Amino acid sequence: MHALRQIHQALVPGGVLLDMHPVPPPTRAEVRGESLGEFDDSEFMRLVADAEDTVERSGLFTRESELEFDYLERYDDPAQLLEDIKEGWEGCDFTPELEARILEADDQVDIWERVVLRRFTRNPE
């Protein structure tokens, strides 16, 4: 809540806050459009839901609009992808089978996610 209050104070009245994050279905790894499998991001989705609830209940912002779209991120090095997930993707995990399929990929690996972009405006204090 502290961060939300800081953002609220930093914005001018009527200022805009953009929020973008993944939404279900689960994130998956692909090679040339063929799925290697889905990540277990159920814990991350719970964290997102909690954060969304906090924003909505805060009364600091009003949601104006949202747009869902597919987001792709390409990794030239499959091992780097796995390292990034292990070190920085809180609430996301993968099975040993998916790890093996990613490491065996003979090409770039894409991460496919469905994301939402939401526009909020700052409410008066």
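These questions and answers walk through a predicted model.

Reader: How many aromatic pairs does the structure hold?
Author: Rings of Phe, Tyr and Trp pair if their centres lie within 6.5 Å. Phenylalanine 39 and tryptophan 89 form one such pair, at 6.2 Å centre to centre. Phenylalanine 39 and phenylalanine 94 have ring centres 6.3 Å apart. The number of aromatic pairs in the structure is 2.

Reader: Is the pair of phenylalanine 39 and phenylalanine 94 stacked or edge-to-face?
Author: Planes under 30 degrees apart count as stacked, and planes over 60 as edge-to-face. The planes of phenylalanine 39 and phenylalanine 94 stand at 80°, so the pair is edge-to-face.

Reader: And what is the geometry of the pair of phenylalanine 39 and tryptophan 89?
Author: The angle between the planes is 55°. Stacked needs under 30 degrees, edge-to-face needs over 60, and the rest count as tilted. The pair of phenylalanine 39 and tryptophan 89 is therefore tilted.

Reader: How many residues apart in sequence are the parts that phenylalanine 39 and tryptophan 89 tie together?
Author: Phenylalanine 39 lies in the loop between strand E2 (34-38) and helix H2 (42-58). Tryptophan 89 lies in the loop between helix H3 (78-88) and helix H4 (96-103). The pair ties together parts whose separation in sequence is 50 residues.

Reader: Which residues form the aromatic cluster?
Author: Phenylalanine 39 pairs with tryptophan 89. Phenylalanine 39 also pairs with phenylalanine 94, which lies in the loop between H3 and H4. The one aromatic cluster is formed by Phe39, Trp89 and Phe94.

Reader: Is tryptophan 89 buried or partly exposed?
Author: Buried means under 20% relative accessible area. Phenylalanine 39 at 3% is buried, and phenylalanine 94 at 12% is buried. Tryptophan 89 has 22%, so the class of tryptophan 89 is partly exposed.

Reader: Which residue lies over the face of tryptophan 112?
Author: A charge sits over a ring if NZ of Lys or CZ of Arg is within 6 Å of the ring centre and within 35 degrees of the ring normal. Here the distance from the ring centre is 3.9 Å. The residue over the face of tryptophan 112 is arginine 28.

Reader: At what angle do the axes of H3 and H4 cross?
Author: Two packed helices are described by the angle and the distance between their axes. The axes of H3 and H4 come within 8 Å. They cross at roughly 145°.

Reader: How many nonpolar residues does the contact of H3 with H4 have?
Author: H3 brings Pro78, Ala79, Leu81, Leu82 and Lys86. H4 brings Glu99, Ile102 and Leu103. By class, 2 residues are charged, none is polar, and the number of nonpolar residues is 6.

Reader: Within what arc do the buried residues of H3 fall?
Author: The buried residues of H3 are Pro78, Leu81, Leu82 and Ile85. On the other side of H3, Glu87 and Gly88 are exposed. The buried residues line one face of the helix, because they fall within an arc of 95°.

Reader: Which elements do the buried residues of H3 pack against?
Author: The buried residues of H3 include Leu81 and Leu82. Leu81 and Leu82 also take part in the contact with H4. The elements packed against are E3, H4 and strand E4 (109-122).

Reader: Which residue has a positive phi although it is not a glycine?
Author: The residue lies in the loop between E1 and E2. Its phi is about 50°. With a relative accessible area of 59%, the residue is exposed. The residue is arginine 32.

Conventions
Residues are numbered from 1 along each chain as its sequence is written. This is a predicted model: local features need pLDDT of at least 70, side-chain atom pairs count only at pLDDT 80 or more; totals for chains, interfaces and linings use all residues. Side-chain values use heavy atoms; hydrogens and water are left out. Rings of Phe, Tyr and Trp (its six-membered ring) pair if their centres lie within 6.5 Å; planes under 30 degrees apart count as stacked, over 60 as edge-to-face and the rest as tilted. Helices (H or I, at least four residues) and strands (E, at least two) are DSSP runs, numbered from the N terminus. Buried means under 20% relative accessible area, exposed over 50%, partly exposed in between (1.4 Å probe, protein chains only). Axes are lines fitted to C-alpha atoms, for helices over the stretch in contact, and angles run from 0 to 180 degrees between N-to-C directions. Contact means heavy atoms within 4.5 Å. Ala, Val, Leu, Ile, Met, Phe, Trp, Tyr, Cys and Pro count as nonpolar, Asp, Glu, Lys and Arg as charged, and the others, Gly among them, as polar. The arc is that of the directions from the helix axis to the C-beta atoms.
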